[in-house]
Structure formats: C-alpha cells, structure tokens
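Open the model in a viewer and keep the selection panel at hand. The stops below go from the surface to the ring contacts.

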Amino acid sequence: MIKKKKAFIPKQYLAVLSVLSAMMMGVLNGTIMNVALPTLAEEFSVEASTAIWIVNAFQLVITMLMLSFATLGDIYGYRKIFFTGVSIFVGASILCACSTSFEMLVASRILQGFGSACTMSVNIALIRLIYPPHMIGRGMAINAVVISVSAASGPTLAGLILSFASWNWLFLINLPLGLVALVLGWKLLPKNPPSETKRKFDK
C-alpha cells in the first residue's frame, strides 16, 4: 500500500500572507469610506464638504510619509517598520470605531494613515526578501491581485456592513486582519540582509 505524502504550505506563503493582510487593511480603508461618507456625515451632523476629510486625511498622510518610512525601513529594518505600522493601524481602527465626535474620527484616521504608510512603504521590500529570486514575479503578481481585489470590493463590503450593522464595524473588521499580520509576521517575516554601508536618512 502506497502512503500519500502529506500536503504542506511553504513558509514563504504564510509569511507573505502577513504582508497581504496588512495591505488589504490599508487598501480597504482607502475605498470603504467612499460609500460610508453619507452615513458618517449624518451620524456626526457635518456637511458633505466637511465629511470628505475622513477620506482626505487618511490619503494625505500616506502620500506624504511613504518615502520617509521606506528609508527608515532600509535603516532600521523592514520588519520593525511593518510591525510598527500594523500596530498603529489596529490601534487607530479601534479609536475610529469608538469615536464620539467628528474631530476624534478624523484624528484617528490620521493615525491610520501613519500605520498604512508604514506597511505600504515596505511591503514590496518584504516580498523580495520572502521569495527566492526566481519566484519574485509570482510574489509581485499576488500582491497586485490582492490590492486590486481589495480596492474593488471595498464599496461592496461597506454597503453590506451598513445594511446589517452600525458604521463602527467598518473599522472593527481590521482587527482580525491585523492579528493575522502580526502573528504570522512575528514568526515568519525575514530580517533585512546585512548592509555593507550604513545609510543616512537624508541620503
């Protein structure tokens, strides 16, 4: 009788799942708010032109800080920047869900932007460390697919949540994704390879 070999999942796939979970959080929270803006404007009694800052604050922070955090990743390690970003993002998501005023929500969204800028700035670098050279193309392709699917599904997911639950759950859905990113990442994400030259922040 021939015994069948047990199927196993290579460690690099589990490691990249950590990175993809963090990316999914950031992308979803960039698109999910577009559908939720009318609900949030009504909840906090603000005009539509003011409510848009829930989206703008998040996107502006990411745009301004991504390059800076990428440099910090080169200096201090991509793992450190990644874990810092995921931790900030999860904490900020809880603050968003518990917001009692519009100002608190916008401030929490700014914190989310910090966290997302951290993870987005090092995700490609981590994928390059996870996959061997001949498989980097596969890693990049999976990353692109997850980003595209997350962006496309954000409005639909927001509509489903608002149909059956309160707006607070738009942010609480980040908690399981953040937990996956932290647990798997802590165990499996590789460290930066040693560098021959010490890089400065502004060079």
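The tour has two stops: a surface patch with its helix, and aromatic pairs.

The model is predicted: local features need pLDDT of at least 70 and side-chain atom pairs 80 or more, while totals for chains, interfaces and linings use all residues. Numbering starts from 1 along each chain as its sequence is written, and side-chain values use heavy atoms, without hydrogens and water.

Select Ile88, Leu95, Ile110, Leu111 and Phe114. Together they form a nonpolar surface patch with about 350 Å² of accessible area (Shrake-Rupley, 1.4 Å probe, only the protein chains shown as cover). Patch members have over 30% relative accessible area and no salt bridge (Lys or Arg side-chain nitrogen within 4 Å of an Asp or Glu carboxyl oxygen), and nonpolar side chains are joined within 5 Å. Helix H5 (102–130) gives the most, with 3 residues; helices are DSSP runs of H or I, at least four residues.

Now show H5 alone. Its 29 residues reach 40 Å from first C-alpha to last, close to the 42 Å expected (1.5 Å times one less than the number of residues). H5 bends by about 40 degrees at Asn123 (angle between axes fitted to the seven residues ending there and the seven starting there).

Next, select the rings. There are 5 aromatic pairs (centres within 6.5 Å; planes under 30 degrees apart are stacked, over 60 edge-to-face, the rest tilted). Phe58 and Phe89 pair edge-to-face, 6.4 Å centre to centre with 75 degrees between the planes. Phe58 is in helix H3 and Phe89 in helix H4, 31 residues apart. Finally, select Phe44, Trp167 and Phe171, which ring pairs link into a cluster.

Notes
Patches are made of residues with over 30% relative accessible area and no salt bridge: like charges are joined within 9 Å, nonpolar side chains (Val, Leu, Ile, Met, Phe, Trp, Tyr) within 5 Å. Helices (H or I, at least four residues) and strands (E, at least two) are DSSP runs, numbered from the N terminus. Rings of Phe, Tyr and Trp (its six-membered ring) pair if their centres lie within 6.5 Å; planes under 30 degrees apart count as stacked, over 60 as edge-to-face and the rest as tilted.
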